[in-house]
Every structure is written in C-alpha cells, then in structure tokens.
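Morning, everyone. Please look at the screen, and keep the sequence beside the picture while I talk.

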Amino acid sequence: MLYRSSRLWKQGSSPSEVVRGGVSPFCLEEILAVDFRRLSDCPGREGKAFIVGVENVFFNISHSGDYVVCSVSDREIGIDIEKRAKARMEVAGRFFHEEEMAILKTLEGDKQDQLFFNYWSVKESFLKYIWTGLTRPLN
C-alpha cells in the first residue's frame with residue numbers, strides 16, 4: 001500500500017515516530033485488526049519494531065519524499081521506496097557490483113537514473129529483510 005506521508009505524520013518526525021504515530025496504527029488496526037498499542041516500545045533485534053504477544057506478523061516501512069509504503073506479511077519482510085532523482089554514481093561505485101556498474105555506465109539520463117534506483121531499492125529492501133543496515137557489502 002502506498003500513501004502520502006503528510007496524511008500519516010508531521011514533517012521532521014523520526015522513523016520511530018513514523019512507525020508509532022502513523023503507519024503502524026493504520027497497518028495494524030485497519031489491515032490486521034490488531035490494537036496498535038501492542039507495538040513494542042522496545043525494538044527487537046537490530047531495532048526492528050514488533051507486536052507484543054503476536055507471532056508470525058511482520059511489517060516493514062519505508063518513506064521518501066511525500067510517500068510512505070507499509071508491507072505486512074506472515075514472514076520476515078523488507079521494503080524500500082525511493083524518490084526518483086539523479087543517479088548517484090559515487091554511491092553506485094561504492095555499493096554496486098561491477099556488472100551493475102558496467103550496465104549503468106551504458107545508460108544515460110532518465111534510464112540510468114531509473115536503473116540506479118531500481119538496484120538501490122532492491123538492495124535496501126534485502127538489508128531490511130535480513131535486519132541489517134549498510135553493514136554488509138551490497139556488491
């Protein structure tokens with residue numbers, strides 16, 4: 001599900017405020033019929049929030065620009081959304097595989113930008129799925 005973030009939290013909110021104040025209540029109450037107050041005040045492993053006393057319900061959020069996305073599953077899940085902009089080739093050089101870089105370098109303009117963010121979103125989603133940050137190589 002994709003929603004405009006301005007409906008769910010105030011500008012400048014921390015990620016935990018986003019989870020508690022906007023996205024999680026909506027996801028938990030509207031979709032899962034779970035009281036959002038059961039969301040843990042103490043994050044679980046790697047700082048990932050969980051629902052106290054509820055097993056096999058996993059969720060993940062991401063926000064960028066004016067949008068937020070929330071995924072809910074019966075298994076671990078990771079999701080990422082990125083506001084499209086100019087490809088950051090210096091970031092790609094640091095985190096992308098040499099084959100990904102070679103393909104990116106063959107493209108220009110919007111096509112390069114789109115592929116950069118496609119690669120980046122998949123990588124970030126995977127890291128969120130396995131509960132790590134940029135502590136693992138992405139290439």
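Where does Val68 lie? Val68 lies in strand S3. Strands here are DSSP runs of E with at least two residues, helices are runs of H or I with at least four, and both are numbered from the N terminus.

Before I go on, two housekeeping remarks. This is a predicted model, so local features need pLDDT of at least 70 and side-chain atom pairs count only at pLDDT 80 or more, while totals for chains, interfaces and linings use all residues. Residues are numbered from 1 along each chain as its sequence is written, and side-chain values use heavy atoms, with hydrogens and water left out.

Back to Val68. Is Val68 buried or exposed? Val68 is buried, with a relative accessible area of 2%. Buried means under 20% relative accessible area, exposed means over 50%, and partly exposed is in between, with a 1.4 Å probe and protein chains only. Val68 also has a partner to look at, Ile81. The two are 13 residues apart in sequence, and 7.5 Å apart in space, C-alpha to C-alpha.

Now the whole chain. The protein chain has four helices and three strands. Along the sequence, the pattern reads β-α-β-β-α-α-α. The chain has 139 residues, and 37% of them count as buried. Its accessible surface comes to about 8,900 Å². Carbon and sulfur atoms hold 51% of that surface. These areas come from the Shrake-Rupley method with a 1.4 Å probe, and for residues only the protein chains shown count as cover.

What about contacts along the chain? A contact means heavy atoms within 4.5 Å. Take the contacts with a separation of 6 or more. Residues 24 or more positions apart account for 45% of those.

Next, strand S2. Asn60 sits in strand S2. Asn60 is buried, at a relative accessible area of 8%. Its C-alpha atom is 5.3 Å from that of Ser71, and the two residues are 11 apart along the chain.

Follow the chain to the loop. Which residue lies between strand S2 (58-64) and strand S3 (67-73)? Gly65 lies in that loop. Gly65 is partly exposed, with a relative accessible area of 44%. Gly65 and Arg84 are 19 residues apart in sequence, and their C-alpha atoms are 9.2 Å apart.

On to the helices. Two packed helices are described by the angle between their axes and the distance between the axes. Our pair is helix H3 (residues 98-105) and helix H4 (residues 109-129). They pack at an angle of about 160°, with axes 9 Å apart. The axes are lines fitted to C-alpha atoms, for helices over the stretch in contact, and angles run from 0 to 180 degrees between N-to-C directions. H3 and H4 are therefore roughly antiparallel to each other. The cut-offs are under 35 degrees for roughly parallel, over 145 for roughly antiparallel, 65 to 115 for roughly perpendicular, and oblique for the rest.

Who makes the contact? From H3, we have Glu100, Ile103, Leu104 and Lys105. From H4, we have Gln112, Leu115, Phe116, Tyr119 and Lys123. By class, that is five nonpolar, one polar and three charged residues. Nonpolar covers Ala, Val, Leu, Ile, Met, Phe, Trp, Tyr, Cys and Pro; charged covers Asp, Glu, Lys and Arg; the others, Gly among them, are polar.

Pick out Glu100 in helix H3. Glu100 is buried, with a relative accessible area of 17%. Leaving out residues up to four places away in sequence, Glu100 touches Tyr119 and Lys123.

Then Asp113, in helix H4. Asp113 counts as buried, at 10% relative accessibility. Again leaving out residues up to four places away, Asp113 touches Ala85, Lys86 and Ala87.

Last, the rings. Rings of Phe, Tyr and Trp (its six-membered ring) pair if their centres lie within 6.5 Å; planes under 30 degrees apart are stacked, over 60 edge-to-face, and the rest tilted. How many aromatic pairs does that give? Six. In Phe116 and Phe117, the ring centres are 4.8 Å apart and the planes are at 90°, so this pair is edge-to-face. Phe116 and Phe117 are both buried. One aromatic cluster is formed by Phe95, Phe96, Phe116, Phe117, Tyr119 and Trp120.
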